[in-house]
Amino acid sequence: MSWLTDPVGEFTDLTRAEQGVTLFVVAFAAFLFIGLLSGGLGPSYFLFLVGLASMYALLSLGLNSQWGFTGLINFSVAAFFGIGAYGTVLLSASSSPVREALLDAGVPGVLLNPVVGLVVAIVVAGLIAVAIGIPTLRLRADYLAIASLGLAEVIRLIVLNQQDWTNGSAGVRGIPSFFVGWPVLSDFPSAMPEVVVDLVPGGSVTLSPPLIDWGLTFGQDIVLGTPFWRALLNVSLVLVFLGASYGVLRRVHRSPWGRVLRTIRADEDLARALGKDTYSFKMQSFVLGSLVMALAGVFYAHLNLYVSPGDLDPITTFYVWVAVILGGSGSNRGALFGGFVVVAIREGTRFFSDLGSIIFDVGSTEVVISLGIEGGPMRLLLIGVIIVVLMRFRPEGLLPPQRELIWPGTVDEVPEGPDVGVRDARGGTDE
Amino acid sequence: MPLLEYLANGLIFSSIIVLGSIGLSLVYSIADFANFAHGDTMTIGAYTALLTFGAIGSLGGAVLGLPFGFFVALLAGIAVAALVAVVTERVVYKPMDVGSIGMLITSIGIAFIYRAILQLRFGADFTRYDVQTLRPIEWLIPYGIRITEHDVAIVLSAAILVTGLHLLLQYTDLGRKMRAMADNPELARVSGIRTDRVKLWTWVIGAGLAGAGGVFLGLYNQLSPRMGFSLLLLIFAAVILGGIGSVYGAMLGGFLIGMINQLMPILTDYGIPIGIEYANAVAFVIMVAVLLVRPNGIMGEAT
Amino acid sequence: MSENRVLELADVDSGYGDVQVLTDLSLHVNENEIVCLIGPNGAGKSTVLKTAFGLLSPWTGSVTYHGDQIGGMAPEDIVREGIGYVPQTDNVFGSLTIDENLRMGGVARESGLDRVIGDLYDQFALLDERRKSKARTLSGGQRQVLAFARALVMEPDVLLIDEPSAGLAPNTADEVFEHVQAVNDLDTAILMVEQNAKKGLGISDRGYVLDQGTVRFEDAADGLLDNEEVSKLYLGA
Amino acid sequence: MSEGATSMRERHEGADMEKEDVVLRVDDLQKRFGGLVATDHASFAVERGTITGLIGPNGAGKSTIFNLISGFYEPDGGRVEVNGIDVTGREPYEIADAGLIRTFQTPRKLEGMTVREAMLVGPRKQPGESFVKLFTDPEGVAAAESANLAEAQRILEEFEIDHLATQPATDISGGQMKLVELARAMLADPEILLLDEPVAGVNPTLRNDLAEQIRRLNEQGTTFCIIEHDMEFVMKLADPVVVLNQGNVLMEGPPDAVQTDERVIDAYLGGDA
């Protein structure tokens, strides 16, 4: 049975939550597709959104491998994201003081490219993860939360204030495309011809009242120029990052290594009694997740082409937490889904900006909520409400891990595993 | 003699941190979770005072450069912060069926909801109370101390509130019950204490003090929807330094963290190249160090 | 006989979560007597006290106080009915003074608090001397006395005491048992769980031997002391 | 220490330390918590191939000794040897490497795992527990996983609970959980297994099953050291029995000698009435 030959059968095999999520994803894709066709959503912007969503998915995968696998409550996601972003741009961006210093010291400019930046960012993130992990991973869960948030702030303050390294609050500009200097890909966006897609040959179709409430024109020409090809290249890059990370994490999650992490999450003493060096495993899990987060930062820098200390704001950490809890702690596909939903919320609330004000007539007084400038608080409100509602009614998330996790190929049929989530997580008790 | 100036500033900032720390510590010990919405409870206090003061005006006379109306607004800030916290406790926290980590995460959601609502109403920009900005007190300037009467008002009000709490804890039945519950909740129940009521009062007192701290923070700096959340980590540092669950520890921790924060310039004066921009970072590093070396804080019993 | 029964458990099943500890357990305490519960580890002795005091709800069966049903009531209400409880460990508020500990024992009193506390100071001189000291500064034996006194502020008709001699040196344990007798002399019935069966029964009127959550023997204290079967229960055989 | 305690101590003859083939040796172990002396110069030895019972009245310090031996507490003094290796103050995983595995009094549930997954945590030194090998040697990992799975299945069958293999580990009864714990500990291939109250809260039928399994595993070569309150259970199974009292070893002997020893009866029932 597969989705191609028997979609109905596959669908009925899913749990109700999975069915809901599937329907949601299909509906959302259709919505985007209509947007694309109607010209309401530019193809470059569409790809930008896909890139951003994949980036959040990457961050969520990273956090999931710490919190979801091992139960480490890490509130320094934004810091590792920032380390990734700054790691690569300080080496490769034209306005970077570090790059200048390196060039002055005689390092050949060819070496200071984004690929080396990627490697440096990953190495630095790994080292800082170890440095943060050494003191904090022995702390009980709620202390780890506070300590990691504090250390993340320390990193943000350093990035903000060490102007001679990072340009401080001005941020770093002049970031090259990730593929600068690569054969073919470097010039790919500008070398590609402009393509005009004419979906409805010889004109367009307009749906207007009374068919639907407002006019909607399909089939306008869609112009795919240099920005589109650049965005396409970016999306390909992040999909490679995402695919690789997902592949690695799925493999390790189903391995004996991942099983030790899950044992630590459920009962660290038991893992110790069975001869596992839990501190070492916690450190490995923490570093692994931090590396994935840094990878997301590297991508972000070359997507956005501007990096500033604001990117290390703790709010990013909490967005990612929402994504992981929403998706289901411990579930890799849940983390993917959560990442996409968070971007839908982030970007969806921008539409409020276009809606102007909503006026509620409450008796004699009018309550005016002007949405035009209030995308930010609406987003915050939505995130807050999602957190509270989830924790109250479905702490295990929408797509909790469903299957038994045994190394592939060693068992014939894989039965469903039990739900797991925040409800079962320990914390607050002394060891 | 800049040291006097630093100390004076430390005292003012400490007053605000102490008011925040006490409530966080009380809730931590009684409800058993790290309440990330505590900073935003302070913000609620500040904006309530802003609204109230705007509505009632100065009401005639003034004390220490602050109109009577401002003190009414302060009381309103305390009351509304307490009310909001109690409603949240009853509607959200109490029915929850998750561990302390789940509660912690929930409180982050609550923090966002508080802040978002304030931002929807007041916008994200900075704002000030409509009180006259004062010049530093003349006779202190020769000593190198540049503080205003408003600063004095902050310290005095905080001192009154903290003293009031001390008297409440030591000499009233409610205070004794609160201490008994923090000490040993099971035995408190066995002794016949209606623990639910004491819990509720703890929320009232903790959030009320936070509301007051928020009002003063707005007077000391200015108001913004992020003001409380930005201060939250410093307050956590103070509570952890003093020992979670100990009210007097929170006072001491808040005092120390506030002082350290404002005494930072001394480092550069003595040639240590850590600028005041790292004041918060230093506090967080101290917090982590305390967690490692003495997780029960300086006032808690050593393990 | 039954009219002077202060406390009675009849056909009680009880336990923690879904783990059953007590099975069809029945026992009673008459006015003014000391009853000692003994039995091997894990027999469910402490569970009996917790069920009687409302810390656990009986699954089936009844708990009655002077004939009134109290099974399922909350401990803070049972205190007000007239039953006191002294837990085995952590039975004083360490960070409160002795005086404050006693006041906490009387939060449910409507009147006469100062009088009762005054009487208790007369009764237990060692507490009187150290009214303002924090309870954590007391020795193990003194803490037990404070814990008794805290529970007595409500002037209960029956006091439930969980292993008063646990963790105490033998001499101190003897002193604590003397205090238990003194409490009993104040017209308070006592239901006591005790590990040290000989000493516990030594000051008791009657005793129950528990095994695997149910009453195995019931007899006058002397009778149980001489019963060979009892020691076999402890050590198998 | 007061006089009463001293006189008690004088009656302690201690354990038999002159054994042939010792797998676990505890020498003069001490631990205090604040003012409370939990372990007071305790010494005993477990001979290879035995089922050694560890009994004593409440508060005698049995669980503390287990925690000290298995590395969960750090001793204040004394020495622990496993297989002749000094493991005093080492981390639990190092002590497990020396061949000593322990279980816990309350069964530890593994949320989110099936019974056989929970079993697979048991084997030590799995190649799949090395992150690198997951990518450099997936065939080796798969081979080891298959072997462990087969072994887990075999042990579950021996324990007659193989029908539970794919059940969620949180859905089985407390008694079954105890069996799974024992089975999992066996997968760690210990030379000596410390069982902390294996039959607490277990119904009589399962209790007999557990006794049978322990005896069978013992015959196959595993050494056991068991804390247990259920005297019938421990006296039928264990030989010798070590009696603890007030943190110290009171005596050691075969079950019938222990059961009739005046000092032991006194320790349980309390002295001088």
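**Backbone exceptions, one patch, and the cysteines**

P240(D) sits in the chain D loop between α9 (231–237) and β9 (241–245). Keep in mind that this is a predicted model. Why start with that proline? The peptide bond from D239(D) to P240(D) is cis. Its omega is near 5 degrees. Most peptide bonds are trans, so a cis one deserves a look.

Stay in chain D. Follow β9 into the next loop, the one between β9 and β10 (248–253), and you reach Q246(D). Here phi is positive, about 50 degrees, and Q246(D) is not a glycine. Most residues other than glycine have a negative phi. Is Q246(D) buried or exposed? Neither fully: Q246(D) is partly exposed, at a relative accessible area of 35%.

Now chain A. L305(A) also has a positive phi without being a glycine, this time about 60 degrees. Look for L305(A) in the loop between α13 (278–304) and α14 (314–327). L305(A) counts as partly exposed because its relative accessible area is 36%, and the partly exposed class runs between the 20% and 50% cut-offs.

Next, charge. Which residues form the negative surface patch? They are E157(D), E160(D), D162(D), D209(D) and E212(D). Take D209(D) as one example. D209(D) belongs to helix α8, residues 204–219 of chain D. D209(D) is partly exposed, with 30% relative accessible area.

Last, the cysteines. How many disulfides are there over all chains? A search of the whole structure gives 0. Two cysteines to look at: C36(C) is buried, at 0% relative accessible area. C225(D) is buried too, with 0% relative accessibility.

How values were computed: Residues numbered from 1 in each chain as written. Chains lettered and ligands numbered in written order. Predicted model: local features only at pLDDT ≥ 70, side-chain atom pairs only at ≥ 80, totals over all residues. Heavy atoms only, no water. Patch = residues over 30% accessible without salt bridge, like charges linked within 9 Å, V, L, I, M, F, W, Y side chains within 5 Å. Areas by Shrake-Rupley, 256 points an atom, 1.4 Å probe, with all protein chains shown as cover. Salt bridge = Lys/Arg side-chain N within 4 Å of Asp/Glu carboxyl O. Lys, Arg positive; Asp, Glu negative; His and termini not counted. Charge placed at Lys NZ, Arg CZ, Asp CG, Glu CD. Helix = DSSP H or I, 4+ residues; strand = E, 2+ residues; numbered from the N terminus. Buried < 20%, exposed > 50% of the residue type's maximum accessible area, 1.4 Å probe, protein only. Disulfide = S-S within 2.5 Å.
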